[in-house]
Amino acid sequence: MTKGNAFVLGASGQVGRASVRALLADGWEVTAASRGGVRDEGWPEGIRSVRLDRTEEGALAAGLGDGCDVLVDIVAFDGGHGRQLTGLADRIGSAVVVSSGAVYEDERGRSFDTQDEPDGFPAFPVPVAEDWRTVAPGDGTYSTRKVALERELLAAGDALPTTLLRAGAIHGPYCPGPRELWFVKRALDGRRVRPLAYDGRSRFHPAHVDNLAELVRLAAANPGSRVLNGADPEALTVAEIGAAIDAVMGVESETVLIEGAPPEGIVGLTPWTAPHPMVYDMAAAERELGYRPVVSYAGSLPETVAWLTGHLAGRDWREAFPNLAKYGVDFFDYAAEDAWLASRA
Ligand SMILES: NC(=O)c1ccc[n+]([C@@H]2O[C@H](COP(=O)([O-])OP(=O)(O)OC[C@H]3O[C@@H](n4cnc5c(N)ncnc54)[C@H](OP(=O)(O)O)[C@@H]3O)[C@@H](O)[C@H]2O)c1
C-alpha cells in the first residue's frame, strides 16, 4: 500500500534528488522528471524516470499521463508555469511548488531587485514571516515572476491545493551555485586569510536540500493552499559559516573583519554578504505542517564539502559551478584581496 503517486519535476537537481529520496522513504511511488532524465545513484531500480522539457507544448501533460496524487514542481518560475499547472488540475491531486524568499520587499519598497542601487538592500524584520509584503507580480524580474507564479497557484484554491515554499539560500550536494565554495576553495588553495565585509555579521538564511525535502514530504501528505518559508533551523553569520567550513576542512585561518561595505571592489564580499540580515520565520511551517528540520547547517557540511571538493577537482570554478559564475564577479580575485591587505599594513 503506497501513499500514492508523486511526480517530481526537476528531479535530478539538488532539491529534486533530496525530495525524491524523502518521498520514497515516506512510501510514495515516485516519477522523476527532468530534461536529461539523469538518475541519482541512490535511487532504487523501481523508480520511473522520464525525460521531458516543461517548455515544450504538451510535454508535461504527456509525462503526467493519467495524472498524479501530488506534483512537486521545483522549476516553476513565472505565471505561465502556474497556469500550466492549473490547466492540468484535473490530473493533479495537489502540488508543492518551490518559490523563493526573494519575493519579499521592505517598507521602503526595497527588495533583491534594488540591491545594486545605493542603499538599495532591503531591511526586513528578523525573522520575516510569510504575511510580510512582497514585490508586485509581473514579468520584469526573477522576484516579480515568482510572485506571479504564487498568485496564479493560490488563486486556484481547492481546484489545485498548492503549498508554495519560499526557499532561503539553498545548499547541499549537487548545488549548481554553492556559496560554500567561497570558503572551501580558499582552504583548498592554501589561503589562510578571510576578509569579511560588514564585520562578518551578514546573515542570509540557508536552506539545506534535506530540510526543503522534509517540507516537501510534509506538504505532500497534508495538501493545502498556502505559502511557507523554507529554511534551516538557524541562520549563521557569514563569519560563523566560515569557521564551520574551516573546522570541517581542518584548517585554521585569520578572519579580517571589515567595518561596513567592501572597501575595494568585491574584497570581503561573499555570496552571503549583505548589509542587512535576511532571516526567515519558520513558525508557520512548524505550526501548519509540524515541520522539524532534519539537519543543522554545521551537521550538513561534511557531506557538502566532500561533494563540492570532488566536483571541483581541478576544474575552473566557473565551469564546475555555473550558477555561482552567474553573479558575474570573481569571488576568487586573490590579487585584489592581497593588494587591499597590503595597503592596510
Ligand atoms: N539556489 C538558491 O539558493 C535558491 C533560493 C531560493 C529558491 N530557489 C529555487 O529553487 C529552484 C531550483 O532548484 P534546484 O536548485 O534544485 O535546481 P537545480 O539543481 O538547478 O536543478 C534543476 C532541475 O530541473 C531540471 N530542469 C530544468 N529545466 C527544466 C525543464 N524546462 N523541464 C524539465 N526539467 C527541467 C534539471 O534537469 P535538466 O537540466 O536535465 O532538465 C534539474 O533536474 C528554483 O525554483 C529556484 O527559484 C533557489
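This report walks through a predicted model of a protein, from its overall form down to one strand and one loop residue.

## Overall form

Let's start with the whole chain. The protein has 345 residues, and a compact globule of that length would have a radius of gyration near 20 Å; the value for this model is 20 Å, which agrees. Along the principal axes, the C-alpha trace spans about 70 × 45 × 35 Å.

Twelve helices and eleven strands make up the secondary structure. Sequence-distant contacts are well represented here: take the contacts between residues at least 6 apart in sequence, and 75% of them join residues at least 24 apart.

## Surface and charge

Of the 345 residues, 54% are buried. The protein exposes about 14600 Å², and carbon and sulfur atoms supply 49% of that area.

As for charge, there are 33 positive and 49 negative side chains. The centres of these two sets lie 1 Å apart.

## Strand 4 and its partners

Strand 4 covers residues 68-73, and it is a good place to look inside the fold. Five of its six residues are buried, so this strand is largely enclosed by the rest of the structure.

Strand 4 pairs with strand 1 (residues 4-9), and the two run parallel, joined by four bridges. Within this pairing, A6 stands opposite V70 of strand 4. Strand 4 also pairs with strand 5 (residues 92-100), again in the parallel sense, over five bridges. Here V72 is the residue that stands opposite V96 in strand 5.

A general point helps when viewing these strands. In a regular strand, the side chains alternate between the two faces of the sheet.

## A closer look at T134

Moving along the chain, T134 lies in the loop that links strand 5 to helix 4 (142-155). Is T134 buried or exposed? Its relative accessible area is 17%, and buried means under 20%, so T134 counts as buried.

Which residues does T134 touch, leaving aside those up to four places away in sequence? They are V103, Y104, E105, V147, R151 and R166. If you would like a longer-range reference point, try E234: T134 and E234 are 100 residues apart in sequence, and their C-alpha atoms are 23 Å apart in space.

## Pulling it together

To recap, strand 4 is bridged in parallel to strand 1 and to strand 5, with five of its six residues buried. T134, in the loop after strand 5 and before helix 4, is buried as well.

Definitions and conventions. Residues are numbered from 1 along each chain as its sequence is written. This is a predicted model: local features need pLDDT of at least 70, side-chain atom pairs count only at pLDDT 80 or more; totals for chains, interfaces and linings use all residues. Side-chain values use heavy atoms; hydrogens and water are left out. The radius of gyration is taken over C-alpha atoms; the globule rule is 2.2 Å times the number of residues to the power 0.38. Buried means under 20% relative accessible area, exposed over 50%, partly exposed in between (1.4 Å probe, protein chains only). Contact means heavy atoms within 4.5 Å. Accessible areas come from the Shrake-Rupley method with a 1.4 Å probe; for residues, only the protein chains shown count as cover. Lys and Arg count as positive and Asp and Glu as negative; His and the chain ends are not counted. The place of a charge is taken as NZ of Lys, CZ of Arg, CG of Asp or CD of Glu. Two strands pair if DSSP finds at least two bridges between them.
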